[in-house]
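Visitor: Hi, could you pull up the model and walk me through it? I'd like to start with the aromatic rings.

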Amino acid sequence: MSSRSFKRLIAAGCMLLTSVMAIAQVTYTRQDSAAVVDILRSSDASTLSIARRFLKVPYVAHTLEVNKEEQLVVNLHELDCTTFVETVLALKRCIEAKQKTFDDYCKELQKIRYEGGAAPDYRKRLHYFTLWMDDNEAMGVVKHVSTPNPPYTAVQKVNVDYMTTHVNSYKMLKAHPAWKPAIRALEQKINGKKYRYIPKSQIKNTKLLRQCVHDGDIISILTNIKGLDTQHIGFAVWHKDGLHLLNASSIHKKVVEEPMTLRQYLGKHKTMTGIRVCRP
(Lines give C-alpha, C1' and ligand atoms only; values in the text may rest on other atoms or scores of the structure.)
Protein backbone atom coordinates (compact mmCIF):
# COMPACT_ATOMS: atom_id res chain seq x y z
CA MET A 1 0.00 0.00 0.00
CA SER A 2 1.34 3.44 -0.91
CA SER A 3 1.91 6.15 1.68
CA ARG A 4 -0.92 8.17 0.14
CA SER A 5 -3.31 5.20 0.29
CA PHE A 6 -2.28 4.56 3.89
CA LYS A 7 -3.12 8.14 4.87
CA ARG A 8 -6.51 7.88 3.16
CA LEU A 9 -7.14 4.65 5.02
CA ILE A 10 -6.44 5.94 8.51
CA ALA A 11 -8.28 9.20 7.79
CA ALA A 12 -11.46 7.37 6.78
CA GLY A 13 -14.31 7.54 9.27
CA CYS A 14 -15.59 4.37 10.93
CA MET A 15 -17.51 3.42 14.04
CA LEU A 16 -15.42 2.28 16.98
CA LEU A 17 -15.31 -1.47 17.49
CA THR A 18 -14.72 -3.32 20.72
CA SER A 19 -13.08 -6.71 20.51
CA VAL A 20 -12.14 -9.13 23.25
CA MET A 21 -8.64 -10.20 22.24
CA ALA A 22 -6.04 -12.41 23.86
CA ILE A 23 -4.83 -9.59 26.08
CA ALA A 24 -7.82 -7.43 26.92
CA GLN A 25 -10.73 -5.51 25.51
CA VAL A 26 -9.55 -3.31 22.66
CA THR A 27 -11.26 -0.29 21.12
CA TYR A 28 -10.31 0.28 17.48
CA THR A 29 -11.65 0.78 13.95
CA ARG A 30 -11.36 -1.58 11.00
CA GLN A 31 -9.29 1.09 9.24
CA ASP A 32 -6.90 1.24 12.18
CA SER A 33 -6.40 -2.53 12.33
CA ALA A 34 -5.82 -2.65 8.57
CA ALA A 35 -3.31 0.20 8.80
CA VAL A 36 -1.42 -1.56 11.58
CA VAL A 37 -1.13 -4.78 9.58
CA ASP A 38 -0.04 -2.85 6.48
CA ILE A 39 2.82 -1.20 8.38
CA LEU A 40 3.85 -4.46 10.03
CA ARG A 41 4.40 -5.96 6.58
CA SER A 42 7.21 -3.48 6.08
CA SER A 43 10.80 -4.47 6.70
CA ASP A 44 11.78 -0.90 7.57
CA ALA A 45 11.95 -0.56 11.37
CA SER A 46 13.48 2.92 11.28
CA THR A 47 11.76 5.10 13.86
CA LEU A 48 11.62 8.12 11.57
CA SER A 49 10.40 6.13 8.55
CA ILE A 50 7.49 4.81 10.59
CA ALA A 51 6.79 8.19 12.20
CA ARG A 52 6.71 9.99 8.85
CA ARG A 53 3.93 7.72 7.64
CA PHE A 54 1.70 9.65 10.03
CA LEU A 55 2.51 13.13 8.73
CA LYS A 56 -0.68 15.21 8.43
CA VAL A 57 -2.72 12.82 10.62
CA PRO A 58 -4.93 15.11 12.76
CA TYR A 59 -3.96 16.03 16.30
CA VAL A 60 -6.81 15.17 18.67
CA ALA A 61 -6.58 15.33 22.46
CA HIS A 62 -8.09 12.83 24.92
CA THR A 63 -8.39 9.96 22.43
CA LEU A 64 -7.86 7.45 25.26
CA GLU A 65 -10.92 8.73 27.13
CA VAL A 66 -13.60 7.30 24.80
CA ASN A 67 -14.87 4.53 27.11
CA LYS A 68 -16.58 4.56 30.48
CA GLU A 69 -14.08 1.98 31.70
CA GLU A 70 -10.45 1.65 30.64
CA GLN A 71 -9.76 -0.34 27.48
CA LEU A 72 -6.76 -0.53 25.20
CA VAL A 73 -7.47 2.19 22.62
CA VAL A 74 -5.89 1.76 19.19
CA ASN A 75 -6.33 4.95 17.16
CA LEU A 76 -4.04 5.71 14.23
CA HIS A 77 -6.32 8.29 12.61
CA GLU A 78 -6.26 10.73 15.57
CA LEU A 79 -3.13 11.26 17.61
CA ASP A 80 -1.83 13.34 20.50
CA CYS A 81 1.84 13.72 21.30
CA THR A 82 1.97 10.70 23.62
CA THR A 83 -0.16 8.30 21.58
CA PHE A 84 1.89 9.24 18.49
CA VAL A 85 5.12 8.19 20.22
CA GLU A 86 3.53 5.04 21.65
CA THR A 87 2.06 4.05 18.28
CA VAL A 88 5.35 4.46 16.42
CA LEU A 89 7.33 2.67 19.11
CA ALA A 90 4.94 -0.30 19.25
CA LEU A 91 5.03 -0.64 15.46
CA LYS A 92 8.83 -0.42 15.44
CA ARG A 93 9.20 -3.14 18.05
CA CYS A 94 6.80 -5.46 16.24
CA ILE A 95 8.63 -5.03 12.92
CA GLU A 96 11.99 -5.70 14.61
CA ALA A 97 10.55 -8.88 16.17
CA LYS A 98 8.93 -9.91 12.85
CA GLN A 99 5.50 -9.83 14.46
CA LYS A 100 2.87 -9.15 11.81
CA THR A 101 -0.59 -9.40 13.38
CA PHE A 102 -2.90 -6.83 14.93
CA ASP A 103 -2.92 -8.85 18.13
CA ASP A 104 0.89 -8.67 18.26
CA TYR A 105 0.68 -4.90 17.98
CA CYS A 106 -1.94 -4.64 20.72
CA LYS A 107 0.22 -6.67 23.10
CA GLU A 108 3.19 -4.39 22.44
CA LEU A 109 1.12 -1.23 22.85
CA GLN A 110 -0.26 -2.48 26.16
CA LYS A 111 3.26 -3.21 27.37
CA ILE A 112 4.35 0.33 26.54
CA ARG A 113 1.28 2.17 27.86
CA TYR A 114 0.62 0.51 31.22
CA GLU A 115 2.79 0.04 34.28
CA GLY A 116 4.70 -3.21 33.95
CA GLY A 117 2.63 -4.10 30.88
CA ALA A 118 -0.43 -4.60 33.09
CA ALA A 119 -3.90 -5.17 31.68
CA PRO A 120 -5.59 -1.87 30.74
CA ASP A 121 -6.48 -0.03 33.92
CA TYR A 122 -6.66 3.75 34.27
CA ARG A 123 -4.84 3.46 37.58
CA LYS A 124 -1.95 1.65 35.83
CA ARG A 125 -1.68 3.89 32.80
CA LEU A 126 1.66 5.75 32.68
CA HIS A 127 0.11 9.21 32.78
CA TYR A 128 3.30 11.14 33.61
CA PHE A 129 6.07 10.83 31.05
CA THR A 130 8.78 10.48 33.69
CA LEU A 131 6.91 7.42 34.93
CA TRP A 132 6.57 6.25 31.31
CA MET A 133 10.32 6.54 30.72
CA ASP A 134 11.25 4.81 33.99
CA ASP A 135 8.84 1.94 33.43
CA ASN A 136 9.77 1.40 29.79
CA GLU A 137 13.46 1.51 30.62
CA ALA A 138 12.91 -1.16 33.28
CA MET A 139 11.29 -3.36 30.61
CA GLY A 140 14.10 -2.75 28.12
CA VAL A 141 11.94 -0.76 25.70
CA VAL A 142 13.95 2.49 25.93
CA LYS A 143 17.13 3.72 27.57
CA HIS A 144 17.65 7.05 29.28
CA VAL A 145 20.37 9.24 27.79
CA SER A 146 21.82 11.60 30.40
CA THR A 147 25.50 12.05 29.56
CA PRO A 148 27.88 13.69 28.88
CA ASN A 149 27.99 16.93 30.85
CA PRO A 150 27.84 19.22 28.89
CA PRO A 151 25.27 19.34 27.34
CA TYR A 152 23.43 17.58 30.23
CA THR A 153 24.24 20.42 32.60
CA ALA A 154 20.96 20.76 34.52
CA VAL A 155 19.01 18.57 36.96
CA GLN A 156 15.24 18.16 37.13
CA LYS A 157 13.78 17.26 40.52
CA VAL A 158 10.34 15.83 39.87
CA ASN A 159 7.38 17.11 41.89
CA VAL A 160 4.10 16.16 40.23
CA ASP A 161 0.54 16.40 41.51
CA TYR A 162 -1.32 17.94 38.57
CA MET A 163 -3.76 15.07 38.08
CA THR A 164 -4.78 14.83 41.70
CA THR A 165 -5.11 18.62 42.06
CA HIS A 166 -6.99 19.06 38.75
CA VAL A 167 -9.31 16.05 38.82
CA ASN A 168 -12.01 17.87 36.83
CA SER A 169 -9.61 18.15 33.88
CA TYR A 170 -9.53 14.35 33.51
CA LYS A 171 -12.83 12.89 32.31
CA MET A 172 -12.39 9.33 33.55
CA LEU A 173 -10.79 10.35 36.84
CA LYS A 174 -13.64 12.80 37.49
CA ALA A 175 -16.12 9.99 36.85
CA HIS A 176 -14.25 7.66 39.24
CA PRO A 177 -13.11 9.75 42.24
CA ALA A 178 -12.24 6.54 44.11
CA TRP A 179 -9.27 6.18 41.74
CA LYS A 180 -7.60 9.33 43.05
CA PRO A 181 -5.48 7.59 45.76
CA ALA A 182 -4.06 5.19 43.16
CA ILE A 183 -3.13 8.10 40.90
CA ARG A 184 -1.53 9.86 43.86
CA ALA A 185 0.50 6.71 44.49
CA LEU A 186 1.78 6.88 40.89
CA GLU A 187 2.78 10.49 41.45
CA GLN A 188 4.65 9.60 44.63
CA LYS A 189 6.66 6.94 42.79
CA ILE A 190 8.54 9.61 40.89
CA ASN A 191 8.37 12.60 43.22
CA GLY A 192 11.77 13.56 44.55
CA LYS A 193 13.64 11.75 41.79
CA LYS A 194 16.35 13.67 39.96
CA TYR A 195 17.26 13.45 36.29
CA ARG A 196 19.92 15.22 34.25
CA TYR A 197 18.66 17.17 31.26
CA ILE A 198 19.77 19.53 28.53
CA PRO A 199 18.61 23.10 29.25
CA LYS A 200 17.28 24.95 26.23
CA SER A 201 20.31 27.26 26.25
CA GLN A 202 22.47 24.21 25.40
CA ILE A 203 20.38 23.09 22.41
CA LYS A 204 22.63 24.24 19.60
CA ASN A 205 23.66 22.93 16.20
CA THR A 206 26.96 21.49 17.41
CA LYS A 207 28.93 18.31 16.86
CA LEU A 208 28.59 17.54 20.57
CA LEU A 209 24.79 17.72 20.54
CA ARG A 210 24.61 15.63 17.36
CA GLN A 211 26.64 12.97 19.16
CA CYS A 212 24.33 13.08 22.20
CA VAL A 213 20.94 13.20 20.49
CA HIS A 214 20.29 10.86 17.57
CA ASP A 215 17.65 10.82 14.85
CA GLY A 216 14.62 8.95 16.21
CA ASP A 217 15.38 9.56 19.88
CA ILE A 218 12.33 10.38 21.99
CA ILE A 219 12.47 13.96 23.24
CA SER A 220 10.63 14.89 26.42
CA ILE A 221 10.22 18.66 26.72
CA LEU A 222 10.33 19.65 30.39
CA THR A 223 8.19 22.35 31.95
CA ASN A 224 8.08 24.70 34.92
CA ILE A 225 4.27 24.48 35.09
CA LYS A 226 3.46 23.60 38.70
CA GLY A 227 2.60 19.96 39.22
CA LEU A 228 3.83 18.72 35.83
CA ASP A 229 7.09 17.14 34.69
CA THR A 230 6.66 17.20 30.90
CA GLN A 231 4.87 19.57 28.55
CA HIS A 232 5.30 17.87 25.18
CA ILE A 233 7.05 14.93 23.49
CA GLY A 234 8.15 13.92 20.00
CA PHE A 235 11.00 12.46 17.96
CA ALA A 236 14.39 14.02 17.28
CA VAL A 237 15.16 14.87 13.65
CA TRP A 238 18.41 16.47 12.54
CA HIS A 239 18.39 18.92 9.62
CA LYS A 240 21.30 20.97 8.31
CA ASP A 241 20.22 23.95 10.43
CA GLY A 242 19.93 21.95 13.64
CA LEU A 243 17.68 19.73 15.72
CA HIS A 244 13.96 19.61 14.88
CA LEU A 245 10.94 17.85 16.39
CA LEU A 246 8.67 15.36 14.60
CA ASN A 247 5.50 15.46 16.67
CA ALA A 248 1.72 15.42 16.92
CA SER A 249 1.30 19.16 17.29
CA SER A 250 -1.58 20.90 19.05
CA ILE A 251 -0.38 24.11 17.37
CA HIS A 252 -0.46 22.78 13.79
CA LYS A 253 -3.39 20.44 14.61
CA LYS A 254 -1.64 17.51 12.92
CA VAL A 255 1.52 15.44 12.88
CA VAL A 256 4.33 17.61 11.52
CA GLU A 257 8.07 17.82 11.24
CA GLU A 258 8.46 21.24 12.84
CA PRO A 259 9.81 23.77 10.33
CA MET A 260 11.59 25.74 13.06
CA THR A 261 14.49 24.28 14.99
CA LEU A 262 13.89 22.88 18.45
CA ARG A 263 15.95 25.74 19.87
CA GLN A 264 13.62 28.26 18.21
CA TYR A 265 10.56 26.26 19.30
CA LEU A 266 11.61 26.20 22.95
CA GLY A 267 12.48 29.89 22.80
CA LYS A 268 8.86 30.69 21.97
CA HIS A 269 7.55 28.88 25.06
CA LYS A 270 8.60 30.35 28.40
CA THR A 271 7.23 27.37 30.32
CA MET A 272 9.55 24.95 28.48
CA THR A 273 12.88 24.58 30.27
CA GLY A 274 14.82 21.95 28.31
CA ILE A 275 14.75 18.32 27.21
CA ARG A 276 15.30 14.82 28.48
CA VAL A 277 16.08 12.09 25.97
CA CYS A 278 15.40 8.39 25.80
CA ARG A 279 16.44 6.05 23.00
CA PRO A 280 14.33 3.15 21.68
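Visitor: Which residues do ring pairs link into a cluster?
Guide: Y28, F102 and Y105 are joined that way. Rings of Phe, Tyr and Trp (its six-membered ring) pair if their centres lie within 6.5 Å, and planes under 30 degrees apart count as stacked, over 60 as edge-to-face and the rest as tilted. Before we go on: this is a predicted model, where local features need pLDDT of at least 70 and side-chain atom pairs count only at pLDDT 80 or more, while totals for chains, interfaces and linings use all residues. Residues are numbered from 1 along each chain as its sequence is written, and side-chain values use heavy atoms, with hydrogens and water left out.

Visitor: How many aromatic pairs are there by that rule?
Guide: The count is 6 aromatic pairs. In one of them, the ring centres of Y28 and F102 are 4.9 Å apart with planes at 50°, so that pair is tilted. This pair links distant parts of the chain, with Y28 in strand 2 (residues 25–28) and F102 in helix 5 (residues 102–113), 74 residues apart. Helices (H or I, at least four residues) and strands (E, at least two) are DSSP runs, numbered from the N terminus.

Visitor: Are Y28 and F102 buried or exposed?
Guide: Both Y28 and F102 are buried. Buried means under 20% relative accessible area, exposed over 50% and partly exposed in between, with a 1.4 Å probe and protein chains only.

Visitor: What about F129 and W132, how is that aromatic pair arranged?
Guide: F129 and W132 are stacked, at 4.6 Å centre to centre and 15° between the planes. They sit 3 residues apart in helix 6 (residues 129–138), which means about one helical turn separates them. F129 is buried at a relative accessible area of 7%, and W132 is buried at 0%.

Visitor: Nice. Which residue lies over the face of Y195?
Guide: That's R276, at 3.8 Å from the ring centre. For a charge to sit over a ring, NZ of Lys or CZ of Arg must be within 6 Å of the ring centre and within 35 degrees of the ring normal.

Visitor: Switching to cysteines: how many disulfides does a search of the whole structure find?
Guide: The search finds 0 disulfides, a disulfide being a pair of cysteine sulfur atoms within 2.5 Å.

Visitor: Why is there no bond for the sulfur of C81? And C94?
Guide: For C81, the closest cysteine sulfur is in C278, 13 Å away, which is too far for a bond. For C94, the closest is in C106 at 9.0 Å, also too far. C81 is buried at 14%, and C94 is buried at 0%.

Visitor: OK, zooming out. How many helices and strands does the chain have?
Guide: The protein chain has 11 helices and 11 strands. Its radius of gyration is 18 Å, close to the 19 Å from the globule rule for 280 residues, so the chain is as compact as a globular protein of that length. The radius is taken over C-alpha atoms, and the rule is 2.2 Å times the number of residues to the power 0.38. Of the 280 residues, 53% count as buried.

Visitor: Where does helix 2 fit in, enclosed or open?
Guide: Helix 2 (residues 30–40) is largely enclosed by the rest of the structure, because 8 of its 11 residues are buried. Among them are D32, V36 and L40.

Visitor: And what is E115 in contact with?
Guide: Leaving aside neighbours within four places in sequence, E115 contacts K124, L126, D135, L186 and K189; contact means heavy atoms within 4.5 Å. E115 is found in the loop between helix 5 and helix 6 and is buried at 15% relative accessibility. D121 is placed in the loop between helix 5 and helix 6, and touches E70 and Y114, not counting residues up to four places away in sequence.

Visitor: Last one, backbone oddities. Which peptide bonds are cis?
Guide: The bond from T147 to P148 is cis, with omega near 5°, and the one from N149 to P150 is cis, with omega near -5°. P148 is in the loop between strand 4 (143–145) and strand 5 (154–157), and P150 lies in the loop between strand 4 and strand 5.

Visitor: What about phi of H62 and K98?
Guide: Phi of H62 is near 65°, a positive value in a residue other than glycine, and phi of K98 is near 60°, again positive in a non-glycine residue. H62 is exposed at 56% relative accessibility, and K98 is exposed at 69%.
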